[in-house]
Each structure stands twice: as C-alpha cells, then as structure tokens.
Amino acid sequence: MQFIKVGNVKDFEIIKIKSYAMLGRKVGVIKRADGSFYAIEVGCKHQGADLTNGTIKDGIATCPRHGWQYDLESGECLNENSSKLRRHELKIEDGVISVSLHPIR
Ligand code: FES
C-alpha cells in the first residue's frame, strides 16, 4: 500500500480536521477527542465540495453547498441516498502523519 506524508501531529494541536488533495480526491485527517487520528474522504458525494469547509458539529459534517450531511466516523450520508465516504489507512511515525493513497473501504 502506498502512503503519502501529509503533515505532523503537532499541526493538530489546535485544529481537529484538515483536508488534503490526493489523486484529485479530498481526504480529511481528523483528530478525535481522545487524541487518535483517522483519515476519510471529505469530498461530498453530490458535487465534490470540500466538507471541511462546511459545518462540523458532533461528528456530523454538513456540506457547504447543498446541505448533504455525513457522519464523519462511519462515512454514512444521513439525509440522502448516497454511497459512504471511504476510509483511508493512516499511520504515524515520529510524529509524521501518512495517509494511504487509495481508500481502504
Ligand atoms: S456538493 Fe455537497 S450537497 Fe451538493
């Protein structure tokens, strides 16, 4: 599996989510309240808007364009019949965060 270095753990001391462009897709790196990290697509399944530019509250992202809502942990779309946001593998080595180039599920 191919990984891309995207950032450092210390980048997330204040922010909790950051998006990166990978192969034309938007992938978000998210820091949970317990300090763990995961990576998931953040390109809206409707027309591709970056969900990190929308409202995020209690783990639910609302798309800034037309309001589709996603559970950022499970990836499920909550108010439309849409495919899920897929997870990417994430690893941390010496404080450097790397994300798999392709989604894993
Ligand atoms: S682009 Fe996200 S709801 Fe339309």
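In this predicted model, strands S2 and S3 run antiparallel and are joined by 6 bridges, and one of the facing pairs is Met22 opposite Arg25 in S3. The two strands form a hairpin with 2 residues between them. Leu23 lies in the loop between S2 and strand S3 (25-31), and its phi is near 50°, a positive value in a residue other than glycine. Most residues other than glycine have a negative phi, which is the background against which such a value stands out. Leu23 counts as exposed because 8 C-beta neighbours lie inside 10 Å, and the cut-off for that class is 12 or fewer.

A second positive phi is found at Asp58, where the angle is near 50° in a residue that is, again, other than glycine. Asp58 sits in the loop between strand S5 (55-57) and strand S6 (60-62), and with 6 C-beta neighbours inside 10 Å it too counts as exposed.

The hairpin belongs to a wider arrangement, an open sheet of 6 strands in the order S1-S9-S8-S4-S3-S2, with antiparallel pairing. Strand S1 (3-8) and strand S2 (17-22) stand at the edges with a single partner strand each, so that one side of each is left without a neighbour in the sheet. On average, and with direction ignored, neighbouring strands of this sheet are turned by 30° against each other. Strands of a sheet pair through backbone hydrogen bonds, either parallel or antiparallel. At the S1 edge, the partner is strand S9 (residues 96-103), which runs antiparallel to S1 and is joined to it by 5 bridges; within this pair, Gly7 stands opposite Ile97 in S9.

What does Ile17, at the other edge of the sheet, touch beyond its neighbours within four places in sequence? Ile17, which is placed in strand S2, is in contact with Gly28, Ile30, Thr52 and Ile56 when those sequence neighbours are left aside. Of these, Thr52 is 35 residues away along the chain, and its C-alpha atom is separated from that of Ile17 by 7.2 Å. Ile17 counts as partly exposed because it has 16 C-beta neighbours inside 10 Å, a count that falls between the cut-offs of 12 or fewer for exposed and 20 or more for buried.

The interior can be followed through the largest nonpolar core, which has 17 residues, and in which Val29, Ala39, Ile40, Leu51, Tyr70 and Val99 are those with the most contacts inside it. S3, strand S4 (37-41) and S9 each supply at least two residues of this core, and S3 gives the most, with 3 residues. In soluble globular proteins, nonpolar side chains tend to be buried together. Ala39 illustrates how the core residues are surrounded: leaving aside its neighbours within four places in sequence, Ala39 is in contact with Val27, Gly28, Val29, Arg87, His88, Leu90 and Val99. Val29 and Val99, named among these contacts, are also on the list of core residues with the most contacts.

Is Glu93 buried or exposed? Glu93 is placed in strand S8 (residues 87-93), and with 9 C-beta neighbours inside 10 Å it counts as exposed. Glu93 and Lys5 are 88 residues apart in sequence, while their C-alpha atoms are 10.0 Å apart in space.

Terms used:
Residues numbered from 1 in each chain as written. Predicted model: local features only at pLDDT ≥ 70, side-chain atom pairs only at ≥ 80, totals over all residues. Pairing = 2+ DSSP bridges. Axes fitted to C-alpha atoms, helices over the stretch in contact; angles between N-to-C directions. Contact = placed C-beta atoms within 7 Å. Core = buried A, V, L, I, M, F, W, Y, C linked by C-beta atoms within 7 Å.
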